[in-house]
Amino acid sequence: GCGETVCGDLCAEQSPSSAGGRSFLPAVRYRRGRCLSALSMNQSNTSLRSDYSFEGDPADELHSLCWYHHDLSRHATEALLMSNGTDGSYLLRKSHEGPNCYALSVRAKDSVKHFQVNRKGDAYCFGFTEFPSLREFISHFANQPLIGSETGTLIVLKCPYPRQVEEPSIYESVRVHTAMQSGRTENDLIANAPSLGTKEGYLVKQGGIIKNWKTRWFTLNRNELKYFKDKMFEEPIRTLDLKECSAVQFDYSQDKVNCFCLVFPERTFYLCAKSGVEADEWIKILQWKLSQIRKGR
């Protein structure tokens with residue numbers, strides 16, 4: 001369980017000859033509210049560029065790390081990595097959980113996953129692993145670690161996303177500037193943006209006509225829940241618009257465990273996760289999406 005078998009098998013079976021010359025380090029276990037696994041792929045020529053010092057306040061050394069984004073919110077992180085990052089891009093940011101809590105945010109194809117990092121004095125705790133210093137924590141990422149979770153997704157942390165990116169100093173010239181309405185005040189200026197909580201993973205779905213169960217790959221992005229025949233397929237079988245969904249909840253009517261349902265006007269979709277924790281995560285983020293839709297976001 002907890003994804004540890006996958007990484008354990010990789011460590012046992014892979015060798016430098018069978019992995020293209022790469023040697024695998026022993027498995028390291030991680031945690032993100034549930035069990036995770038990781039192992040590192042050694043690359044002799046890999047370097048992680050950052051200008052950081054290791055003297056003084058631990059907070060100062062974090063700020064000198066070029067891929068630490070102190071003030072970046074979860075929302076902005078997902079928008080940034082989904083629009084400008086690539087599969088395996090990641091960054092470290094401050095978490096709202098507490099003064100010594102951070103989040104490692106990783107782009108995983110069609111979603112962004114967030115993992116907790118905690119600082120204890122000079123040490124950094126990532127899941128079950130404690131790195132005595134920031135230098136050792138950073139050195140671990142230079143080896144491009146591979147993270148696996150209960151969703152069945154394996155993510156190679158390929159490249160950190162820098163805090164500062166070169167931008168052109170080019171601006172458009174204003175040619176037209178006129179009010180389109182009158183009588184409006186600053187109270188009419190309402191900031192609005194769609195919710196960006198993302199998630200992906202395998203779920204078992206009940207068929208609509210023939211009530212058999214098939215495993216499908218699901219992705220959640222903005223207000224769309226898509227499911228595919230498998231993870232490798234580009235075109236979804238169907239896209240569900242969550243604006244039409246009235247409820248998401250655990251379901252006990254089917255002869256399945258870890259089952260939940262999405263209620264739409266024309267049909268109720270029954271889905272099963274492989275663990276209660278995973279089902280609960282899907283339900284919570286889907287319910288959060290519905291609440292954002294009802295607020296008009």
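This is a short talk on a predicted model of one protein chain, from its overall make-up to a few charged side chains.

Hi everyone. First, some ground rules. Residues are numbered from 1 along each chain as its sequence is written, and side-chain values use heavy atoms, leaving out hydrogens and water. Because the model is predicted, local features need pLDDT of at least 70 and side-chain atom pairs count only at pLDDT 80 or more, while totals for chains, interfaces and linings use all residues.

Let's start with confidence. The chain averages a pLDDT (the predictor's confidence in each residue, from 0 to 100) of 78, and 77% of the residues score at least 70. Over residues 1-54, pLDDT stays under 50. Where pLDDT is low, predicted coordinates should not be read in detail. Among the elements, helix H1 (residues 4-13) has the lowest mean, 34, and strand S15 (residues 238-241) the highest, 96.

Now the overall picture. You will find 5 helices and 18 strands; these are DSSP runs numbered from the N terminus, with helices (H or I) of at least four residues and strands (E) of at least two. Of the 297 residues, 41% count as buried, which means under 20% relative accessible area, with exposed being over 50% and partly exposed in between (1.4 Å probe, protein chains only).

How many salt bridges does the structure hold? There are 6, each one a side-chain nitrogen of Lys or Arg within 4 Å of a carboxyl oxygen of Asp or Glu.

Please look at Lys-199. It forms a salt bridge with Glu-278, with the closest N and O atoms 3.2 Å apart. Glu-278 sits in helix H5 (residues 276-294) and Lys-199 in strand S12 (residues 199-206), 79 residues apart. Both are buried. Lys-199 also pairs with Glu-281, at 3.1 Å. Glu-281 is in H5 too, so this pair ties together parts that are 82 residues apart in sequence. Lys-199, Glu-278 and Glu-281 are thus linked in a network of salt bridges.

Helix H5 has another pair: Lys-284 and Asp-280 meet in a salt bridge of 3.1 Å, N to O. They are 4 residues apart, about one helical turn. Lys-284 is exposed, at 53% relative accessible area, and Asp-280 is partly exposed, at 26%.

Finally, meet Arg-93, in strand S4 (residues 89-94). Arg-93 is buried yet has no salt bridge; the nearest side chain of opposite charge, Glu-78, is 6.7 Å away. (Lys and Arg count as positive, Asp and Glu as negative; His and the chain ends are not counted.) Thanks for listening!

Methods
Contact = heavy atoms within 4.5 Å.
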